[in-house]
Amino acid sequence: MDFKTTGACTGCGACVKDCPMVVLELKDGRPQARAGREEMCIGCQHCVAVCPTGASVLNGVGAADCTSVDEGRNPVDRLLKSRRSIRQFVPEDLPRAEIDAMLETLKYIPTGCNIRHLTYKVVSGRAQMEACKNKVVELLKAKHEGLPDFLKGTLISVLKHPETDPFFRSAPHLLIVVGDPKAVTPQYDCVAACAYFDLLVQASGVGTCWGGFLKIILDSVPEAADIFGIPRDAPCYAMMFGRSAVTYARGVNRANGTKIEYI
């Protein structure tokens with residue numbers, strides 16, 4: 001990675017705080033890459049998007065190269081270009097009525113062959129989330145020797161720094177979409193439901209973050225499913241959500257984000 005800042009940097013630390021891989025640090029009042037962690041950068045450009053003065057530059061991409069939060073042909077286009085994975089949440093729980101309204105709309109998403117087999121399980125508040133996280137950590141400690149290296153390393157970091165929560169990002173809520181293994185496309189339906197939920201709630205000002213860590217945990221330690229009341233053989237995917245504690249000044253640059261081929 002190549003991270004630098006321009007003279008507009010105020011040393012506010014927003015880029016450091018929002019880096020999902022803890023690649024950046026403040027040193028002498030300026031953000032810089034941590035020695036030895038440069039290869040951990042995933043190129044998400046959160047450091048560029050969050051900088052209030054547009055001072056961050058990652059791999060040659062600066063504020064002038066990014067999309068505006070208002071750029072787009074229509075509201076959906078603007079949302080897709082400006083949405084961010086949120087990993088900083090305010091501590092308050094969302095009102096139950098607001099969550100219920102989200103899930104009511106989610107009943108209308110498509111599923112393979114229109115088999116309406118999905119179950120939406122919701123961890124309903126921060127206290128419940130904290131209890132679930134603690135149970136997950138205790139289970140991982142018990143299964144430590146058999147964990148894949150990536151998960152083992154993250155667990156060690158959590159045990160050294162218990163105030164951190166890379167697994168659930170201290171979110172107040174968690175949606176787990178559970179499918180019926182006998183359905184036609186159960187795993188794809190779970191992921192599609194999360195994608196629809198992601199856009200639905202971000203359009204309403206609620207932040208989301210895909211729960212990839214939980215999927216890794218469930219695949220590595222099937223007993224973790226019991227903590228959330230999920231059948232161990234059921235396909236599922238998850239998403240954290242809650243009010244965002246961070247505001248992004250701009251979108252990112254995805255000029256080389258994909259390949260497009262016409263047949």
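User: Why is the crossing in which helix 6 passes helix 8 called left-handed?

Analyst: A crossing is left-handed if the near helix is turned anticlockwise from the far one by less than a right angle, and right-handed if clockwise. Helix 6 passes helix 8 in the left-handed sense. The contact joins Phe 150, Leu 151 and Thr 154 of helix 6 to Phe 213, Ile 216, Ile 217 and Ser 220 of helix 8, where contact means heavy atoms within 4.5 Å. By class, this contact has five nonpolar, two polar and no charged residues. The classes are as follows: Ala, Val, Leu, Ile, Met, Phe, Trp, Tyr, Cys and Pro are nonpolar, Asp, Glu, Lys and Arg are charged, and the others, Gly among them, are polar.

User: What should be known about the model itself?

Analyst: The model is predicted, so local features need pLDDT of at least 70 and side-chain atom pairs count only at pLDDT 80 or more, while totals for chains, interfaces and linings use all residues. Residues are numbered from 1 along each chain as its sequence is written, and side-chain values use heavy atoms, with hydrogens and water left out.

User: What makes helix 6 and helix 8 roughly perpendicular to each other?

Analyst: The two helices pack at an angle of about 115°, and their axes are 11 Å apart. Axes are lines fitted to C-alpha atoms, for helices over the stretch in contact, and angles run from 0 to 180 degrees between N-to-C directions. Angles under 35 degrees count as roughly parallel, over 145 as roughly antiparallel, 65 to 115 as roughly perpendicular and the rest as oblique. Helix 6 and helix 8 are therefore placed in the roughly perpendicular class.

User: Why are helix 5 and helix 6 called oblique to each other?

Analyst: Helix 5 (residues 126–142) packs with helix 6 at about 120°, with the axes 11 Å apart. That angle falls in none of the named ranges, and the pair is therefore oblique. Helix 5 passes helix 6 in a left-handed crossing. Val 137, Leu 140 and Lys 141 of helix 5 make the contact with Leu 151, Leu 155, Val 158 and Leu 159 of helix 6. These residues divide into six nonpolar, no polar and one charged.

User: How do you know that helix 4 is oblique to helix 7?

Analyst: The axes of helix 4 (residues 96–106) and helix 7 (residues 186–202) come within 10 Å and cross at roughly 130°. This angle makes helix 4 oblique to helix 7. Their crossing is right-handed. From helix 4, Met 102, Leu 103, Thr 105 and Leu 106 meet Ala 193, Tyr 196, Phe 197, Leu 200 and Val 201 of helix 7. The contact has eight nonpolar, one polar and no charged residues.

User: What makes a space a pocket, and which residues lie closest to the centre of the largest one?

Analyst: On a 1 Å grid over the protein atoms alone, a pocket is an open set of points with protein on both sides within 12 Å along at least five of seven lines, a cavity is a set where a 1.4 Å probe fits but cannot get out, and lining residues have an atom within 4 Å of a point. The largest pocket has a volume of about 1,300 Å³. Its lining comprises 37 residues, of which Pro 20, Met 21, Val 22, Pro 166 and Arg 169 are the closest to the centre. Two or more lining residues come from each of helix 1 (14–18), helix 6 (149–160), strand 7 (206–210) and helix 8 (212–220). Helix 6 gives the largest share, six residues.

User: Where does the most of the lining of the second largest pocket come from?

Analyst: Helix 3 gives the most, with three residues. This pocket holds about 280 Å³ of space. Among its 15 lining residues, Ser 82, Arg 84, Ile 86, Gln 202 and Tyr 248 are the closest to the centre.

User: How many cavities of 30 Å³ or more does the structure hold?

Analyst: The structure holds three. The largest cavity has a volume of about 120 Å³, and of its 16 lining residues, Cys 19, Cys 41, Cys 44, Cys 47 and Leu 58 lie nearest the centre. By class, the lining has 12 nonpolar, three polar and one charged residues. The second largest cavity contains about 70 Å³ of space. Of its 14 lining residues, Cys 9, Cys 12, Gly 13, Cys 15 and Cys 51 are the closest to the centre.

Key:
Grid points are joined across faces, edges and corners, and a volume is the space filled by probe spheres set on the points. Helices (H or I, at least four residues) and strands (E, at least two) are DSSP runs, numbered from the N terminus.
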